[in-house]
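Biologist: Please take one part of this model and go through it closely. I would like to hear about the sheet, strand by strand, and then about the charged pairs around it.

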Amino acid sequence: MLVIGIAGGTGSGKTTVVRKIIESLPKGEVTVIPQDCYYKDNAHIPLEERLKMNYDEPASIEWRLLCEHLRRLKNGESVDMPTYDFLTCSRQKETVKLFPRDVVVVEGILVLTDKELRDMLDVKVFVDADADERLIRVISRDCIERGRTPKMVIDRYQETLKPMHELYIEPSKRYADLIVPQGGNNNVAVMLLTDYIRSLLKSCQQ
């Protein structure tokens, strides 16, 4: 099994990179673990307070559970991945069954900030993009998918996303084996990455 970690700022294009990796490999060969599914369950906290919480710092993630699930997948076991509702900012009752595959991708803004998780990754990737490009993508995504207004998104960017990016996410770039500049639309970099993954996978299977 080849375990790949893909990190980068909010709106950098990580999902695009993951999609292109999946498309470059045989169908059913990749299992994806989104870091966002492992936000701590804050259902016991009033909604008004949950909406104000900082979800862009490492302390917001249940790393122990994520690492345990990854260990089990590496041992050939299936796991029940939690799911998260970004409208209510709480963990849902539903889970998603994940099965061990030849390639497991762990994707999220904070993936490279946790040492225990980093030590379990065979390839560490950081998807880089300019701040203004990331902000535009975040506004588009949060307004459409998460019911927020542009002002809410911009306020959150200034108060939380930007400072947390500078404090935690950008410094984690130094742990990356590969950096994909200009986001997920850098076709040359993504092609080199997918070729590298295929070569590693071939070596693992020999």
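Modeller: Strands E1 and E5 run parallel and are paired over five bridges. Within that pairing, Ile-6 sits opposite Glu-107 of E5. The model is a predicted one, and that applies to what follows.

E5 has a second partner in E2, again parallel and joined by five bridges. Here Ile-33 has Val-106 of E5 as its bridge partner. Strands in a sheet pair through backbone hydrogen bonds, and the pairing may be parallel or antiparallel.

E5 itself is mostly covered, with five of its five residues buried. Val-103, Val-105 and Glu-107 point to one side of the strand, while Val-104 and Val-106 point the other way, and all are buried. Glu-107, the residue opposite Ile-6, is thus among the buried residues of E5.

The whole sheet is open and has five strands, in the order E2-E5-E1-E6-E7, with parallel pairing. E2 (30–34) and E7 (178–180) are the edge strands; each has a single partner strand, so one side of each has no neighbour in the sheet. From one strand to the next, the twist averages 20°.

At the E7 end, strand E6 (residues 123–127) pairs with E7 in the parallel sense over three bridges. Phe-126 is placed opposite Ile-179 of E7.

Helix H1 (residues 14–24) lies across four of these strands: E1 (2–8), E2, E5 (103–107) and E6. The helix runs at about 155° to E1.

Now the charged pairs. Side chains of opposite charge can pair when their charged atoms come close. The structure as a whole has 13 salt bridges.

One of them involves strand E6 of the sheet: Asp-177 and Lys-124 form a salt bridge, with their closest N and O atoms 3.6 Å apart. Lys-124 is in E6 and Asp-177 is in the loop between H6 and E7, so the pair ties together parts 53 residues apart in sequence. The two ends differ in exposure: Lys-124 is buried, at a relative accessible area of 15%, whereas Asp-177 is partly exposed, at 45%.

Another salt bridge joins the side chains of Lys-97 and Asp-80, at 3.0 Å from N to O. This pair also links distant parts of the chain, 17 residues apart, with Lys-97 in strand E4 (residues 90–98) and Asp-80 in strand E3 (residues 79–85). Both ends are partly exposed: Lys-97 has a relative accessibility of 42%, and Asp-80 has a relative accessible area of 39%.

A further pair lies within one helix. The side chains of Lys-151 and Asp-155 meet in a salt bridge of 2.8 Å, N to O. Both belong to helix H6 and are four residues apart, which means that about one helical turn separates them. Lys-151 is exposed, with a relative accessible area of 57%, and Asp-155 is partly exposed, with 25%. Salt bridges also link Glu-68, Arg-71 and Glu-116 in a network.

H6 (residues 150–169) also holds His-165. This histidine, His-165, counts as buried, with 10% relative accessibility. Apart from neighbours within four places in sequence, His-165 is in contact with Gly-9, Arg-134, Glu-170 and Pro-171.

Note on methods:
Residues numbered from 1 in each chain as written. Predicted model: local features only at pLDDT ≥ 70, side-chain atom pairs only at ≥ 80, totals over all residues. Heavy atoms only, no water. Pairing = 2+ DSSP bridges. Helix = DSSP H or I, 4+ residues; strand = E, 2+ residues; numbered from the N terminus. Axes fitted to C-alpha atoms, helices over the stretch in contact; angles between N-to-C directions. Contact = heavy atoms within 4.5 Å. Buried < 20%, exposed > 50% of the residue type's maximum accessible area, 1.4 Å probe, protein only. Salt bridge = Lys/Arg side-chain N within 4 Å of Asp/Glu carboxyl O.
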